[in-house]
Amino acid sequence: MQTLTVAFCTYKRADRLAELVAALRAQSCPVPFEILVVNNNSPDNTLEVLGRLQREPGASLRVVTETAPGIVPARNRALAESLDRDILVFIDDDELPQAGWLTAAYDAIVNDAADCAGGRVQVSFSPLARPAWLKDDLLGFLAEVDHGPSAFWIRGAETPIWTANIAYAMRIFRNNPSLRFDDRYNRAGSDVGGGEDAIMFRSLLEMGAQIRYRPDMAVWHGVEPWRLRRRYFLKLHYRAGQRHGRYTLPNYPRSMFGIPPFLVSQFLMHCLKTLPPSQPGKASRIRQAMNAAHALGCIIGYRSRS
């Protein structure tokens, strides 16, 4: 019989835990499963709430505390705690699974023989009001994933899946001890972005892993008020640019004060595009400002190498 763990990492969201654990325990699955919670040193009453939930009926709830701050140590702790399992399914602590989610994840790994599988992440604004400027093309930056109604094998980076809703055949981590979430892309405390899941996705593609998209593997992603502000999107792109400039860009032979001139040109170009009023068919001003923030982050990140 296959062994399966559902894991989520949590930091300072004690008020969400009861609803999430209840929704996980209500999931149907062809095999018994456990719920693993990685508490990332939450300063609130997270452990007290989890202790109460452990005493309630349903799937067993295992709690571990990872003292190293950030999502990367927490996710890697979940991997370490689940290496002896057949399947590990990740969900985030600000999400809720939809009906059939866990069965679809199990089916993708066992019957489709996928190494990795991910599905839809649908943004839920309730009870908040969606800002008028937050168009559909920006929802991906709130972790929304929707690649259509049909299952398919993912062959390229144009159809990504994220750790907000993903299942792994744990043999890929047992067989590749160096395959772990990259600490350079850690996100701790009130920081935003990170990109550790994008790097993991890219690594799996490069190693030729069989990656499956399953639309029936779906979750709701709750959005907190602070993410519905323009400055969140700008900071998200600035931090992504920083990491890209520091860790991903190659070393360019031509530079001024440690900065390749083309990076400065790109930043100025994006800044200029934010100035005129938006025109039909053109990217929105917030999207142009996000591009400018990313370009500035690239400059700062690249400069920090020296």
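Two residues are taken to be in contact when heavy atoms lie within 4.5 Å of each other. The model described here is predicted, and its protein chain holds nine helices and nine strands.

On this basis, the packing around helix α2, which spans residues 46-54, can be described. Its buried residues are T46, V49, L50, G51 and L53. These residues pack against two strands that flank α1 (14-25) in the numbering, β1 (4-10) and β2 (33-39), against α1 itself, and against β3 (61-65). In an α-helix there are 3.6 residues a turn, so residues three or four places apart point the same way.

A second site centres on R214, which belongs to strand β9 (residues 211-222). R214 counts as buried because its relative accessibility is 9%, below the 20% cut-off. The side chain of R214 forms a polar contact of 2.8 Å with the side chain of D112. Beyond its neighbours within four places in sequence, R214 also touches A104, D107, A108, G118, G119, R120 and A151, in addition to D112.

Regarding the chain as a whole, the radius of gyration is 20 Å, which agrees with the value near 19 Å for a compact globule of 306 residues. Along the principal axes, the C-alpha atoms fill a box of roughly 60 × 45 × 40 Å. Of the 306 residues, 49% are buried. Among contacts between residues at least 6 apart in sequence, 81% join residues at least 24 apart. The accessible surface amounts to about 14400 Å², with 53% belonging to carbon and sulfur atoms. The chain carries 37 positive and 30 negative side chains, and the centres of these two sets are 8 Å apart.

How values were computed. Residues numbered from 1 in each chain as written. Predicted model: local features only at pLDDT ≥ 70, side-chain atom pairs only at ≥ 80, totals over all residues. Heavy atoms only, no water. Buried < 20%, exposed > 50% of the residue type's maximum accessible area, 1.4 Å probe, protein only. Helix = DSSP H or I, 4+ residues; strand = E, 2+ residues; numbered from the N terminus. Polar contact = N/O pair within 3.5 Å; in protein donor to acceptor, adjacent residues only side chain to side chain. Rg over C-alpha atoms; globule rule 2.2 N^0.38 Å. Areas by Shrake-Rupley, 256 points an atom, 1.4 Å probe, with all protein chains shown as cover. Lys, Arg positive; Asp, Glu negative; His and termini not counted. Charge placed at Lys NZ, Arg CZ, Asp CG, Glu CD.
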